[in-house]
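Biologist: I'd like a walk through this model, feature by feature. Could you show me how to read each one as we go?

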Amino acid sequence: MSTTLVQIGGARPARVGPEARTPTALEKAFLALVGAGSVMFTLALFAPKVFGSASWAAPTMFGLIAVGSIGYLWSGYGHTTPGIKNHGIFHSSLANRGALAWLAGIAVTTFYVVLYWHGEALEGGYQLLDPFAQKLTGSPADHWFLYGFLYTLLVLIFGGRMFLKYRHNRYQLIRTASVMFFQLGLAFLLPGVLKKIWAQDFYFTYFWPLKPDYLLPFDYVIGEGGMIAKEWSGHAVGRFMVIWSAVMALGAVPVLTWFFGKRWYCSWVCGCGGLAETFGDPFRQLSDKSEKAWKFERWSIHGVLVFIVLFTVLLWVNDATGRKLLGSDGSELFWKTYGLFIVMAFSGVVGVGFYPLMGSRVWCRYGCPQAAILGIFQRFFSRFRITTNGGQCISCGNCSTYCEMGIDVRSYAQRGENIVRASCVGCGVCAAVCPRGVLKLENGTFGGRYDGDGKPWSAFKDALRGRPKA
Amino acid sequence: MHVAIVGNGIAGVTAARHLRKLDSSVRITLISGETDHHWSRPALMYVYMGHMRWEDVKPYEDHFWPRNRIDLVRRWVTSIDVEGRQLHLDGARTIPFDKLLLAVGSKPNKFGWPGQDLRGVSGMVSLQDLQAIEAASVGLKHAAIVGGGLIGVELAEMFHTRGIDVTFLVREHAYWNHVLPAEEGDIVGEVIRAEGIDLRLETELTEIVDDGTGQVGAIVDSKGDRVEVGFVGLTAGVRPNLTVCAGSPIATDRGILVDRTLVTNVEGIYAAGDCAQVKTPEGHRDLIQAVWYTGRMMGEVAARNLLGASDEYDSGTWFNSAKFFDLEYQVYGYVPSAMAHHQLPSLAWISPDRRHACRLVETEDGKLSGISVLGIRMRHRVCERWIEEGRDLAYVLAHLREAMFDPEFYRRWDRDIVAALSGKVAA
Ligand SMILES: Cc1cc2nc3c(=O)[nH]c(=O)nc-3n(C[C@H](O)[C@H](O)[C@H](O)COP(=O)(O)OP(=O)(O)OC[C@H]3O[C@@H](n4cnc5c(N)ncnc54)[C@H](O)[C@@H]3O)c2cc1C
Ligand code: SF4
Ligand code: SF4
């Protein structure tokens, strides 16, 4: 890659990124724009009457926020030479669990609680988007539309930050473009359009078990959020959706994971991953690297998976036996449990709300059933691995520190072993931050992937035993 | 049996780990005055720069040591009683041993500069140095760094991230001239200057000036220039730490003298890592190897020999790596420096923007001697194999792709290198 200097201003102040110094006058001006937009939005939330759904309001406030943040980031990173600039991260209150991090954590968590349990309280916010929602989806905006909009906006703005921060690294550029594309196109615009055409949205990038309803017996999918509604059964498009879901969940997951590892989904396509890789990037260093956390992770993530598999089987059996097993309320029970504990509490409140406290991948690491399945394939049936470059590791710890999944990458690298871990989402940041060029994400041949005798079976036995000591 | 190890750096810790791996009953005591736990010395700069916290540069969690029954002692060893087989520690403590490994590392060179003991003058090797540099940075406007090696450029980057101006004195006429070939040294010099560092080549330190309070106020260089600075970093290389051997019969020269099995002149006492000076060295190698991986390899050999083997230390084909600000550097095999007495034929390629380079060095009989790269990553095992198999440069160029280790989607520099160099090599 060429390393053209992108530089704004003179050689002073020292060329370090926005994390490590006080903002310049220009940066302060951009921050003021963000502030103005945020004040307007807050006002709209608390005093819905001020803006109503005036057509100029949303473009103005979100425009201010977007232009201000991109401008701030642009001028901030413009002071750096292209390369890894994690300067000052652990001196920062926001990025190192200081007071600011707690404030941010509480704010985001509160937002999720309101969103899930008191969505109507956000009316002042979502009515702003009414004109846009009408155009896109043909129906008025609700709190879920507002959520999707803000989510996508964050992915795009912080995706821009990734472009600036990793402008020397093509893997990061292409990967970031990919998550931005999938979030904007397939998780926001297309479902909106589908809703307009078919009165029913559909997400091509989510499958069972992350979206279990896509593979449940139709009759049991009820109410709001039950995507393949009953009336679809006779519909050609509906049938296509069902087949798509089945092919993705049962076919694409093993096949693509065999070739590329779980990254084809987790850090290139998935929307949760998309937010983690963009908005979550400033917090990736906060993931817990201890063996204890790893132990907990294996129980919790596989626990969620087992729960969903059992429930899916149960519902199908129930369906086949004429719904005698659970009664017709069985599915509702499932939805309530799953919705409350997994989707709301885990993936939302903790998963995103705790970014500033526990890092960006809490849900992906401890809870996501899709990640669990992809992980099992990646660990035992995949050509993907992170190769360690001979004896070059100096045990510095940058790789482990910046692994958002809390993998102690160094513990493998310093022994000269490849990293073949179920949880690795293939973000490539460990390889990017390594100052000695030790790590490389590769889709190699299957043989020679594991250390020891190289057999997946032995690797499986090792995995059950836990990690060898000394 | 009780093995005492002095020094919890990579050499001492690798020895301790391997002792435990090989023998579940041996008693192991690991002593260091510097820190409670092993840490990665090369990561010192990242703590200062805020990339990591102190706990992040410790390669093992604290429970690793009790779990593996390695007893840790945080004390300085003051002397070794060879006859009585015991160590004297500060605080009047003694530790008896059956066998002893000295892995006491290096200390920074000081060349008797006037003012070198003033407040605000420090090397950059230990945790204590890091703390001193951290304390000196408060309110610091301008620092001087003396000595153009790896540690110097790291210290320059550290200050740079805090907006502290740096004057960097290098005695040679290019940066790191006694390791890098001339062109590569020039490129690194350009990188340093492009960051706004005041790099002064062919300039030595003459004097460190007292500001009247026992604190550094300025430096004077060999060209007569005076620069007002609040801190002076001494990074003119390191030398083996021999303090602990003083007054004992353990033989030393520049380092602690050991034979190829890493045993000193005293039976049962070994030395490994930066502090060891291995007799009868091979080929082009230095007598003293002060890098991370050689410490690790020596630690492994020492562990086996402490348990009764007599394996010889062989570090294999040389390699190393470094980073100068954003520019990564790797070397495999022997690539003569600009200052080497005996030069070898070589082919070099430098990208138009001068941020990527590759050099292939040939031995007199036409075999690959070494490869070095800037701004490109290469595969250790492939380069090593080519050198050991005695491949010629035509073979290397024909297979260069196998050695590329850059991340996916990166520009394929091997194509540029092959296009530029293959015309210059006899088929
Ligand atoms: C800033 C810096 C950056 C570096 N970067 C790199 C790099 O990128 N790549 C590379 O290959 N190498 C690098 N090195 C060199 C590398 O760190 C050393 O080669 C390596 O640490 C040597 O390990 P060791 O175990 O021999 O000694 P050390 O790590 O020095 O450990 C010796 C320990 O013994 C303790 N000790 C000494 N005397 C006593 C005593 N009397 N009583 C008790 N304890 C005692 C010391 O306090 C110290 O803790 C770097 C060095 C520095 C300083
Ligand atoms: S191991 Fe590396 S690639 Fe995998 S998740 Fe961690 S940082 Fe990303
Ligand atoms: S970042 Fe690189 S050198 Fe540092 S511990 Fe990880 S693999 Fe080793």
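Modeller: Sure, and keep in mind that this is a predicted model. Let's start with burial: a residue counts as buried under 20% relative accessible area. B:Phe325 has a relative accessibility of 4%, so it counts as buried.

Biologist: Where does B:Phe325 lie in chain B?

Modeller: B:Phe325 is in the loop between strand S21 (319-324) and strand S22 (327-333) of chain B. Its backbone deserves a look too: phi is about 55°, a positive value, although B:Phe325 is not a glycine.

Biologist: Which other residue besides glycine has a positive phi?

Modeller: B:Glu202 is one, with phi near 50°. B:Glu202 belongs to the loop between strand S12 (198-200) and strand S13 (205-210) of chain B.

Biologist: While we're on backbone angles, which peptide bond is cis, with omega near 5°?

Modeller: The bond from A:Trp208 to A:Pro209. You'll find A:Pro209 in the loop between H7 and helix H8 (236-260) of chain A.

Biologist: On to strands. How do I read which way the side chains point?

Modeller: In a regular strand, side chains alternate between the two faces of the sheet. Take strand S16 (residues 231-234) of chain B: B:Phe231 and B:Gly233 point one way, B:Val232 and B:Leu234 the other way, and all are buried.

Biologist: Which strands pair with S16(B)?

Modeller: Among them is strand S9 (residues 121-122) of chain B, joined in the parallel sense over 2 bridges; there, B:Val121 has B:Val232 as its bridge partner. Strand S10 (residues 142-146) of chain B also pairs with S16(B) in the parallel sense, over 4 bridges, and B:Ile145 is matched with B:Gly233.

Biologist: And a whole sheet? In what order do the strands of the open one in chain B run?

Modeller: The order is S3-S2-S1-S7-S19, 5 strands with parallel pairing. Strand S3 (70-73) and strand S19 (269-271) of chain B are the edges, each pairing on one side only. From one strand to the next, the twist averages 20°.

Biologist: What packs on that sheet?

Modeller: Helix H7 (residues 292-306) of chain B does, touching S1, strand S7 (99-102) and S19 of chain B. The direction of this helix makes about 170° with that of S7(B). Inside the sheet, strand S1 (residues 2-6) and strand S2 (residues 27-31) of chain B pair over 5 bridges, and B:Val3 has B:Ile28 as its partner.

Biologist: What does chain A consist of, in helices and strands?

Modeller: Chain A has 19 helices and 2 strands. Of its 470 residues, 58% are buried. For contacts with a separation of 6 or more, 76% are between residues 24 or more positions apart.

Biologist: Which helix there is mostly covered?

Modeller: Try helix H10 (residues 271-278) of chain A, where 7 of 8 residues are buried. Those buried residues, including A:Leu275 and A:Glu277, pack against helix H6 (143-165), helix H7 (170-198), helix H9 (263-266) and helix H13 (355-358) of chain A.

Biologist: Now the outside. Which residues form a nonpolar patch on the surface?

Modeller: A:Val309, A:Val313, A:Leu314, A:Val317, A:Leu325 and A:Leu326, with about 430 Å² of accessible area together. A:Val317 sits in helix H11 (residues 291-320) of chain A, and its 39% relative accessibility is why it counts as partly exposed. For the chain overall, about 18700 Å² is exposed, with carbon and sulfur atoms supplying 71% of it.

Terms used. Residues numbered from 1 in each chain as written. Chains lettered and ligands numbered in written order. Predicted model: local features only at pLDDT ≥ 70, side-chain atom pairs only at ≥ 80, totals over all residues. Heavy atoms only, no water. Pairing = 2+ DSSP bridges. Axes fitted to C-alpha atoms, helices over the stretch in contact; angles between N-to-C directions. Contact = heavy atoms within 4.5 Å. Patch = residues over 30% accessible without salt bridge, like charges linked within 9 Å, V, L, I, M, F, W, Y side chains within 5 Å. Areas by Shrake-Rupley, 256 points an atom, 1.4 Å probe, with all protein chains shown as cover. Salt bridge = Lys/Arg side-chain N within 4 Å of Asp/Glu carboxyl O. Buried < 20%, exposed > 50% of the residue type's maximum accessible area, 1.4 Å probe, protein only.
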